[in-house]
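Work through the exercises below with the sequence and the 3D view open. Try each task before you read its solution.

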Amino acid sequence: MPGSRSSGGSFWSKEFNPAISRSSGATAARSTSRITRARTSSPALETGRSFSVDIHIRRPNGEERLLHQEADIECDAAGKAVRIVGTLQDVTEQRRAEQALRRSRESLSRAQAVAHVGHWEWDAATGESCWSEEVYRIFGLPPRAGPEPHQTLAGALHPEDRMRVLLGFRSLLEKGEPFSCEHRVLRPDGELRIVRVEAMLTRDEAGRPRNVLGVVQDITDLRRAEHEREAGRRALADERRWLRAVIESSPVGIQLWQDVASPRITQNRMADLLIGNLVDATPNLDALRSVVTYPDGTPVEPGDLSIERALRGEVVIGRELIRRLPDGTNMHTLVNASPVRDESGFIHGAVVLFSDITAIKELARLREEWTSIVAHDLRQPVTTILATAAHLVRFVVEPNIKCKVERIRASAERLIRMTDDLSDLSRLDTHKLELVRAPTNLPALLRQIVEDMADNEARARVWLSIDRDTPLVHIDAARIQQVVENLVSNAVKYGKPGTPIALRLQIVPGEIVLGVCNEGAGIDPELMPRLFSRFQRGIAGATRMKGLGLGLYICRGLVEAHGGRMRVESEPGKTTTFSFTLPIDDDGSSDHD
């Protein structure tokens with residue numbers, strides 16, 4: 001759209017009016033154009049140089065347009081500007097397209113940065129390539145505007161991968177074979193990255209390579225994650241193999257029950273040896289129950305198998321059961337079972353451990369039998385010694401000899417008590433203790449025990465406290481007397497000399513409580529868990545007391561045989577109380593089942 005300017009006048013071509021739509025409001029449009037041209041042409045007139053500018057206009061209908069003006073300055077012979085000749089082009093749509101293209105490129109650049117994917121294009125004619133910004137970022141290089149020579153790429157490749165990549169690219173150019181590979185990139189700062197490259201060849205009409213378009217993706221984090229996942233998988237597989245080897249070689253039978261509704265069973269070799277195929281992939285608990293009994297030989301009740309209890313959420317520890325073998329013999333087993341729960345506490349199965357303790361039980365039986373025999377065989381000669389010593393005490397007059405005979409009698413009585421303890425130990429361990437129960441007046445029994453104490457000083461220290469309306473109890477009076485005498489004797493031995501000893505009988509709902517309380521040093525807290533164990537002897541001051549250390553063990557066994565329980569409470573430096581209970585029936589008498 002050429003025009004001319006002379007003496008301040010302007011000449012417009014026919015194409016100018018459609019550009020700014022002068023049909024109505026032409027004055028406003030012309031004014032706007034004139035002001036814009038004046039701002040840009042005045043410096044040009046002074047310098048005589050050409051100029052180029054974009055002009056924003058608003059058409060009479062309110063539409064905004066963008067015009068691009070190019071102009072030259074014509075001067076006279078004296079060099080004075082006499083005319084401006086130029087063009088005016090409506091570039092609105094072009095600028096909009098350029099802006100959309102720019103936004104598209106920016107979006108592509110952001111997307112490539114997020115995906116760690118860049119693109120590049122190689123020109124076969126020049127041997128140079130153009131990279132996107134993400135390619136530069138992946139290679140650790142600063143972005144540049146111009147094309148990149150092939151040396152830039154070759155320098156970024158890891159030396160061990162360089163030849164493989166270049167040969168693959170050559171094969172793409174010469175044979176058209178797809179180019180796809182993973183290789184390492186060595187950044188200028190020394191960091192190693194792993195990339196994946198895909199490329200496609202474009203040929204001209206003559207079949208010659210024109211260019212190659214490719215993408216490069218940074219897969220370093222992906223490969224590291226895959227490596228870590230593979231390392232974790234191998235470690236998990238190693239742990240599983242180790243766990244499987246431990247389970248298979250375990251000397252204890254192990255069963256794993258998966259699921260509760262339809263359990264699947266696996267067991268190790270020891271379990272195969274101990275129980276065979278009694279429990280297979282489809283377990284028949286009735287068949288298992290038919291060959292398993294309680295230690296006393298009675299059948300296991302429905303729902304009371306260890307696995308059944310574990311699947312209900314119970315933990316079974318140290319349970320003894322007997323399995324009847326096909327040859328008619330019994331195998332004693334020690335069973336432990338526990339539910340298997342997830343993080344939320346839901347039961348997904350159970351684990352059962354069992355050991356063959358038949359040999360241990362046989363050794364225990366032989367030991368108990370030996371103990372019983374020794375106690376029985378010792379009792380007769382000791383009884384003879386005791387009777388003879390008692391006879392001599394009555395007739396010997398010489399004080400020195402009488403003192404020695406008295407020591408013989410006391411030692412014989414101690415031997416009798418020890419043999420009695422060994423006999424009771426054997427009966428308790430073999431479950432052969434027999435109780436001779438009869439209705440008994442406990443208050444009268446306690447008074448008789450106190451009155452029969454041989455040590456007058458000790459007898460005077462015992463304070464007896466009995467609740468009123470104590471019912472008759474159905475017990476073995478001799479055995480309960482044995483328990484009370486043992487507790488009182490311990491209170492005398494371990495209590496503070498001269499302090500009172502309280503013997504209490506209390507009635508509480510459903511049971512009678514008998515307790516013996518004394519003042520003294522108390523019991524070491526570390527000793528409390530072992531107090532009722534066999535062969536556990538007490539200490540008075542710095543002196544360990546004489547005896548076998550079976551008294552409290554036997555007392556607990558006798559009390560539990562009556563259906564009661566025994567406990568101890570001790571406050572160091574103050575008091576110690578041993579107590580036991582005897583159950584009472586609804587009719588007021590002691591339990592005598």
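**Exercise 1: aromatic pairs**

Trp131 is buried, and Phe139 is buried too (buried means under 20% relative accessible area with a 1.4 Å probe, protein chains only; exposed is over 50%, partly exposed in between). The model is predicted: local features need pLDDT of at least 70, side-chain atom pairs count only at pLDDT 80 or more, and totals for chains, interfaces and linings use all residues. Residues are numbered from 1 along each chain as its sequence is written, and side-chain values use heavy atoms, with hydrogens and water left out.

Task: classify the ring pair of Trp131 and Phe139.

Solution. Start with the rule: rings of Phe, Tyr and Trp (its six-membered ring) pair if their centres lie within 6.5 Å; planes under 30 degrees apart are stacked, over 60 edge-to-face, the rest tilted. The centres of Trp131 and Phe139 are 5.3 Å apart and the planes stand at 85°, so this pair is edge-to-face.

Task: do likewise for Phe169 and Phe179, then place them in the chain.

Solution. Their centres are 6.1 Å apart, with 90° between the planes, and the pair is edge-to-face. Phe169 sits in helix α6 (residues 159-175) and Phe179 in strand β8 (residues 179-186), so the pair ties together parts ten residues apart in sequence. Helices (H or I, at least four residues) and strands (E, at least two) are DSSP runs, numbered from the N terminus. Phe169 and Phe179 are both buried. They form one aromatic cluster with Trp120 and Trp122.

**Exercise 2: a helix check**

Task: compare the expected and modelled span of helix α12.

Solution. The expected span is 1.5 Å times one less than the number of residues. Helix α12 (residues 399-429) has 31 residues and should span 45 Å; its end C-alpha atoms are 45 Å apart, which agrees. Next, look at its packing. Its buried residues include Val405, Ala412 and Ile416. The buried residues of α12 pack against α11 (358-395), α15 (477-494) and α16 (551-561). After α12 comes His431, with a positive phi near 55°.

**Exercise 3: confidence**

Task: find the elements with the lowest and highest mean pLDDT.

Solution. pLDDT is the predictor's confidence in each residue, from 0 to 100. The chain averages 82, and 85% of the residues score at least 70. Strand β1 (residues 4-6) has the lowest mean, 41, and strand β21 (residues 511-519) the highest, 94. Residues 22-36 have pLDDT below 50. Where pLDDT is low, the predicted coordinates should not be read in detail.

Terms used. Contact means heavy atoms within 4.5 Å.
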